[in-house]
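These are my notes on the model you sent round. They are set out as numbered points so that each can be checked against the coordinates.

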Amino acid sequence: MPTDTAPGAAAASGRPAASGVSPAPGVSAAELREAMGHFATGVTVITSVDEDGQPVGTTANAVTSLSLDPPLVLVCFDLGSVTLRAIRGHGAFVVNVLAAPQQHLSRNFARRGFAAAWDGVRHRRGPTGSPRLEDVLAVLECTVEHSLPGGDHEIIVGRVQHAETSAAPGAPLVFFRGTYASLCA
Ligand SMILES: Cc1cc2nc3c(=O)[nH]c(=O)nc-3n(C[C@H](O)[C@H](O)[C@H](O)COP(=O)(O)O)c2cc1C
């Protein structure tokens, strides 16, 4: 391919790419956050255990079902996450899917290393030792299968060892355009 028709060369010169596809101009963090904010998600609290055996957790919506066979999910963690550090050491975590009335849990677990987030939160240790929150819509107990780089985040692929859903599921907690939303809005 002649060098002056390579996408990189076109982008560098400011000309459209020869294929007619405009070169990607790149987006700012604010633009990406704004655009992805239109992708409505559920909200989870990812829990694990730190090196002192204390429970840790973080609110997360970058959570995706990855594979049915084997059963895999993935979670994307900010590289500075205290919970990520604990998961690397413990090798296991729980995905706790929040219900609509659990907005307070989402807010508390979105505070870095905030041990008081656990005050009054009913939970029990599952088979892998990570805390399972009571009264959530679903729990997926995972062991770490892979860890992959993802820019300023780390992608943790978890193998689902146990999955349970609430016997009386209510409405989910939803996050949309930077705020909590109702499915019925
Ligand atoms: C709705 C919502 C979704 C979030 N999703 C993620 C996420 O997917 N990954 C992440 O690293 N942080 C996410 N955060 C931010 C973390 O919860 C926040 O940085 C927290 O302080 C990290 O705690 P830790 O450092 O104790 O683990 C989210 C926050 C909110 C409110």
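The points below go from the overall fold to the sheets, the core, the ligand shell and some backbone details.

1. Overall content. The model is predicted, and local features are discussed only where pLDDT is at least 70. The protein chain contains 4 helices and 12 strands. Of its 185 residues, 25% count as buried. Taking contacts in the protein chain between residues at least 6 apart in sequence, 61% join residues at least 24 apart.

2. The three-stranded sheet. An open sheet of 3 strands runs in the order β1-β11-β12, and its pairing is antiparallel. Its edge strands are β1 (41-42) and β12 (179-181), each of which pairs on one side only. Between β1 and β11 (residues 174-176) the antiparallel pairing rests on 2 bridges. One position to check here is G42, whose bridge partner in β11 is V174.

3. T41. This residue belongs to strand β1. Is T41 buried, partly exposed or exposed? With 17 other C-beta atoms within 10 Å, T41 is partly exposed, because being buried would need 20 or more. Leaving out residues up to four places away in sequence, T41 touches N61 and F175. A long-range pair can also be noted: T41 and L173 are 132 residues apart along the chain, yet their C-alpha atoms are separated by 8.6 Å.

4. The strands β5, β9 and β10. β10 (residues 153-165) pairs with β5 in the antiparallel sense over 7 bridges. In that pairing, L74 stands opposite V157 in β10. β10 also pairs with β9 (residues 138-150), again in the antiparallel sense, over 12 bridges. There V144 stands opposite G158 in β10. The hairpin of β9 and β10 has 2 residues between the strands, and G151 in this hairpin takes a positive phi near 65°.

5. The nonpolar core. The largest nonpolar core has 31 residues, and those with the most contacts inside it are V75, V95 and L98. The elements giving two or more residues to this core are β2, β3, β5, α3, β6 and β9. Which of them gives the most? That is β6, with 5 residues. For V95, leaving aside neighbours within four places in sequence, the contacts are T44, I46, V63, V73, V75, V139, L140 and C142.

6. Helix α3. The buried residues of α3 are T83, L84, A86 and I87. Seen down the helix axis, the buried residues of α3 fall within an arc of 160°, so they line one face of the helix. The cover over these residues includes β2 (44-49), β3, β5, β6 (92-97), β9 and β10. After α3 comes G91, with a positive phi near 80°.

7. Ligand surroundings. How many residues surround the ligand? There are 18, of which the closest are T58, A60, A62, V82 and T83. Two or more residues of the shell come from each of β3 (55-60), β5 (72-78) and α3 (82-90). By class, the shell around the ligand has 8 nonpolar, 7 polar and 3 charged residues. T83 therefore deserves a second look, as one of the closest residues to the ligand and one of the buried residues of α3.

8. The cis peptide. D69 and P70 are joined by a cis peptide bond, with omega about 5°. P70 lies in the loop between β4 (63-67) and β5.

9. Positive phi outside glycine. D135 is not a glycine but has a positive phi of about 65°. D135 is placed in the loop between β8 (131-133) and β9. It has 16 C-beta neighbours inside 10 Å, so D135 counts as partly exposed. R177, also not a glycine, has a positive phi of about 50°. The loop that holds R177 is the one between β11 and β12. R177 has 11 C-beta neighbours inside 10 Å and therefore counts as exposed, since the limit for that class is 12 or fewer.

Note on methods: Residues are numbered from 1 along each chain as its sequence is written. This is a predicted model: local features need pLDDT of at least 70, side-chain atom pairs count only at pLDDT 80 or more; totals for chains, interfaces and linings use all residues. Two strands pair if DSSP finds at least two bridges between them. A residue is near a molecule or strand if its C-beta atom, placed from the backbone, lies within 6 Å of it. Ala, Val, Leu, Ile, Met, Phe, Trp, Tyr, Cys and Pro count as nonpolar, Asp, Glu, Lys and Arg as charged, and the others, Gly among them, as polar. Two residues are in contact if their C-beta atoms, placed from the backbone, lie within 7 Å. The arc is that of the directions from the helix axis to the C-beta atoms. A nonpolar core is a set of buried Ala, Val, Leu, Ile, Met, Phe, Trp, Tyr and Cys residues joined through C-beta atoms within 7 Å.
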